[in-house]
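Visitor: I'm new to this one. Can you walk me through it?
Guide: Sure, here it is.

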Amino acid sequence: MTDAVIAAEHVSKWYGQVIGLNDVMLKVQPGITGLLGPNGAGKSTLMKLVTGQLKPSKGVVTVLGEPIWHNPPIFRRIGFCPEQDAFYERMTGLEWVTALVSLNGVGDAAARDMAARALETVGLTDVSGKRIAAYSKGMRQRVKLAQALAHDPELLILDEPLSGMDPLVRRKIIRLIKEWGRSGKSVLVSSHILHEIESMTPDIVLINQGRILAEGNVHQIRDLIDEHPHTVYVKADDTRELARRFLTDDHVLSLRFEEGAIVVQTGRPDAFYSRLTELAASGELGTIHEVTSPDDNLQAVFQYLVKS
Amino acid sequence: MSAPPTLLSSSIRVFDFSFGQMLWSRRSVFLGLLVGAPVILAAVVRILSATGWLPVVNGARVGGPALFGVLMWLLFVRFVVPVLGVFYGTALMADEVDDKTITYLFTRPVPRASVLLGKYLAYLACVVLMLLPSVVIIYFLIVPVGGSIGQAFPILAADLGMLAVGVAAYGAVFAFVGAWLKRPLIVGLVFAFGWEQTVLLIPGYLKRLTVAYYLQALVPHAMPQDSALSTLLLVFQDLPPVAVSLACLAGIIVLSLWLAGRAVENREYVLEQ
């Protein structure tokens, strides 16, 4: 396993009597990682800790191998797109991104070039000379993204980056983030919308009530929650006989019929799939046309974990 | 990869874009009113003087140079400069926090203290650019009323220098207050118009814990004798030499900015958003 780009070791953050994060252990590997959690789960606290805006009450947060708190030089390697819709409204998009990039220690001309390229990347070249106050919500999101990626950072940290974007722009930005990941750079992207993250990466970190519920590949995470019923949809020629066979198995918790198919809930997915393979191979039940598990999507995993 | 920006170079960068923001902010309207009102007053005096009228201070008719001195003392040193210091200095960080734009500055490879320093420099430039021209206009409007522009010119230069130093000192003190406290404006106003004004009336060493004490030593005009309070002040007047005052004001500026920088480095501003 390669070195983690972001690591949290026993990190807690308290706001007076309120616990924001509770003894979090986390290793975010290179590539694209999604940070998922409902509002109030601790996502924002974690994002602020990994961007050095907050100091952990306990524990250490390291980013790209270095402690992030009190370490401004590390931000040459990091780009951060915050959640809040806040700008220097009187500035044009180009002026604003240029001003922020210039804080990275590059000259005026270079900063302007980098800003112009970043605005082109997010599709804002046409309006780069307009004041930010006149931008739509989607444009404001994109200009925030532009300031984060303008200096070509190794690690992009994006807090709810797709919020307010129309579907076409959203698709473009998702593609951009995926390309960023494919180019060998790392991205930590937070969202409370599951399909957004799912469309970017299978590697996720689930957070709720200040704790990390799970981290890793969505399918690996699914394996971690074997105790939860796993739903399988089986479309077959002889659903009645298939159901009869499964009813005798102790790992099957419930079963219902749908048109041309049965939907089985099992407590032991491995045992179920072995049995299904066995039955299919025997040929006694005709053809099994389709086997899908709605539980493989992120929504189901998240709901299971949050409810647990 | 280029070297990380130094404190000075990043402060200049922050100054670059903060200056424009500050100059065109709502606060500048307030600043314009504050420095514009004395100009209007001076214009009125000038117009009335053409009819033979002269202003009266302490029952005596005074000429332009004396009136200019009164304005410097009572209006600018005692009121305008501390007010500007309070309203701008305490807002240097607070504006960024309130507007939620501080995140962009604190996630760049610059020392956090440079954000404060750059914004402080922008405050200085902004206020000095608006304040000093207004004083010059007042000078040219008032001093010719029974006085000579040429003769009083060295006093104008000393006044401008004194005001610039005052703006720098009050700005630094209130920048520290703003960086350190959550409700800086109230504390700033209490300091400027409660503590300073009161302590200056009390004999002893306490007055040395004010900015006004050192600033008064730089005022080239005689203190106006306008009341029993003035007489009392004259009795207890204990002004340090100019060189000592300048050294102390420089010390106040450096110490305040250093403390403010430390506060900014360690404070978790996002908690206040």
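**A bent helix and a chain contact**

Guide: H3(B) is mostly covered, with 19 of its 26 residues buried. Buried takes 20 or more other C-beta atoms, placed from the backbone, within 10 Å of a residue's own. Helices (H or I, at least four residues) and strands (E, at least two) are DSSP runs, numbered from the N terminus. This is a predicted model: local features need pLDDT of at least 70, side-chain atom pairs pLDDT 80 or more, while totals for chains, interfaces and linings use all residues. Residues are numbered from 1 along each chain as written, and chains are lettered from A and ligands numbered from 1 in the order written.

Visitor: Where is the kink in H3(B) centred?
Guide: On Phe76(B), at about 50°. The bend is the angle between axes fitted to the seven residues ending there and the seven starting there.

Visitor: What does H3(B) span between its end C-alpha atoms?
Guide: Only 33 Å, where a straight helix of 26 residues would span 38 Å at 1.5 Å a residue. That expected span is 1.5 Å times one less than the number of residues.

Visitor: New topic. How many residues does each chain bring to the contact?
Guide: Chain A brings 25 and chain B 24. Contact is C-beta atoms, placed from the backbone, within 7 Å.

Visitor: Which helix of chain A gives the most there?
Guide: Helix H2 (residues 93–102), with three residues.

Visitor: And Gly42(A), buried or exposed?
Guide: Buried, because 23 other C-beta atoms lie within 10 Å. Gly42(A) sits in the loop between strand E3 and helix H1 of chain A.

Notes: Two residues are in contact if their C-beta atoms, placed from the backbone, lie within 7 Å. A residue is buried if 20 or more other C-beta atoms lie within 10 Å of its own, exposed if 12 or fewer, and partly exposed in between; C-beta atoms are placed from the backbone.
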